[in-house]
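Student: I have a new structure to read. Can we go through how its labels are earned?
Tutor: Yes. Ask, and we will hold each value against its cut-off.

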Amino acid sequence: MASLTLYGYYRSSCSARLRIALDLKAIEYKAVYVNLNKGEHLKEEYGARNPSRSVPTLMVDDSWCIPQSMAALEYLEEAYPHSTPLLPADAKSRADVRTLTDIIAVDTQPPTNDTPMKRAQSSGADRLEWAQFFTERGLKAFETVASRTAGRYCCGDTITLADVCLVPALWNAEKFGVAIESFPIISRVYGVLKEHPSFVKSHWQNQPDCPEELR
């Protein structure tokens with residue numbers, strides 16, 4: 001099998017998606033920590049791996065990089081077919097899962113990333129209000145779709161990529177002071193997932209690069 005290296009950052013929800021998926025699938029990888037606070041993602045060496053200078057980056061066999069988390073998650077599904085599947089078998093359910101992942105990965109997370117939030121603040125916006133607005137808007141959409149798809153988890157009774165994307169977004173929601181309990185389905189699913197070993201292991205406070213004072 002391929003040798004995998006995950007370049008990530010403890011507080012990055014996109015990095016967390018990969019940590020969770022790799023652990024659920026029991027895929028071995030090497031972790032390399034990119035300190036965003038020190039600007040390590042802006043260095044030319046890292047930019048050669050990830051032109052967006054973002055995290056995570058999944059490197060395969062020390063020669064080929066996947067610099068976007070959703071593409072990396074799809075790669076793991078296709079390249080490791082005998083590992084725990086995180087996409088359902090039927091096309092309809094797969095579309096439901098991808099709808100939910102896109103609500104998080106396309107609509108919710110990007111505007112609450114550090115760069116757009118700094119840009120918004122420079123234009124006079126309040127950072128916290130900005131983050132809360134986009135987080136609450138995204139979770140409301142997620143809740144509406146999940147009301148039609150959820151079982152024990154976001155889509156039925158097995159963990160999927162929808163759950164893998166949701167939980168790190170909820171860690172951010174907690175950081176922003178968003179009332180997760182306002183979304184009953186999300187809150188119920190989160191109550192189950194946050195006790196799951198792969199999600200506990202992948203929590204940002206349990207990462208080696210998390211500062212001791214935040215653990």
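Student: What makes the contact between the side chains of Lys 92 and Asp 96 a salt bridge?
Tutor: This is a predicted model, and its N to O distance for Lys 92 and Asp 96 is 3.6 Å. The cut-off is within 4 Å, so the pair counts as a salt bridge.

Student: Where do Lys 92 and Asp 96 lie?
Tutor: Both are in helix 4, residues 91-108. They sit four residues apart, about one turn of the helix.

Student: Why is Lys 92 called exposed?
Tutor: Its relative accessible area is 62%. Exposed means over 50%, so Lys 92 qualifies.

Student: And why is Asp 96 called partly exposed?
Tutor: Asp 96 has 22% relative accessibility. Buried means under 20% and exposed over 50%, so Asp 96 falls in between.

Student: What makes Lys 118 and Asp 114 a salt bridge?
Tutor: Their closest N and O atoms are 3.1 Å apart. That is within 4 Å, so the label holds. Asp 114, Lys 118 and Arg 127 are linked in a network of salt bridges.

Student: How many disulfides does the structure hold?
Tutor: Zero. The sulfur of Cys 65 is 17 Å from the closest cysteine sulfur, in Cys 14. A disulfide needs sulfur atoms within 2.5 Å, so Cys 65 is too far for a bond. For Cys 154, the nearest cysteine sulfur is that of Cys 155, 6.5 Å away.

Student: Why is Cys 154 called buried?
Tutor: Its relative accessible area is 2%. Buried means under 20%, so Cys 154 is buried.

Note on methods
Residues are numbered from 1 along each chain as its sequence is written. This is a predicted model: local features need pLDDT of at least 70, side-chain atom pairs count only at pLDDT 80 or more; totals for chains, interfaces and linings use all residues. Side-chain values use heavy atoms; hydrogens and water are left out. Buried means under 20% relative accessible area, exposed over 50%, partly exposed in between (1.4 Å probe, protein chains only). Helices (H or I, at least four residues) and strands (E, at least two) are DSSP runs, numbered from the N terminus.
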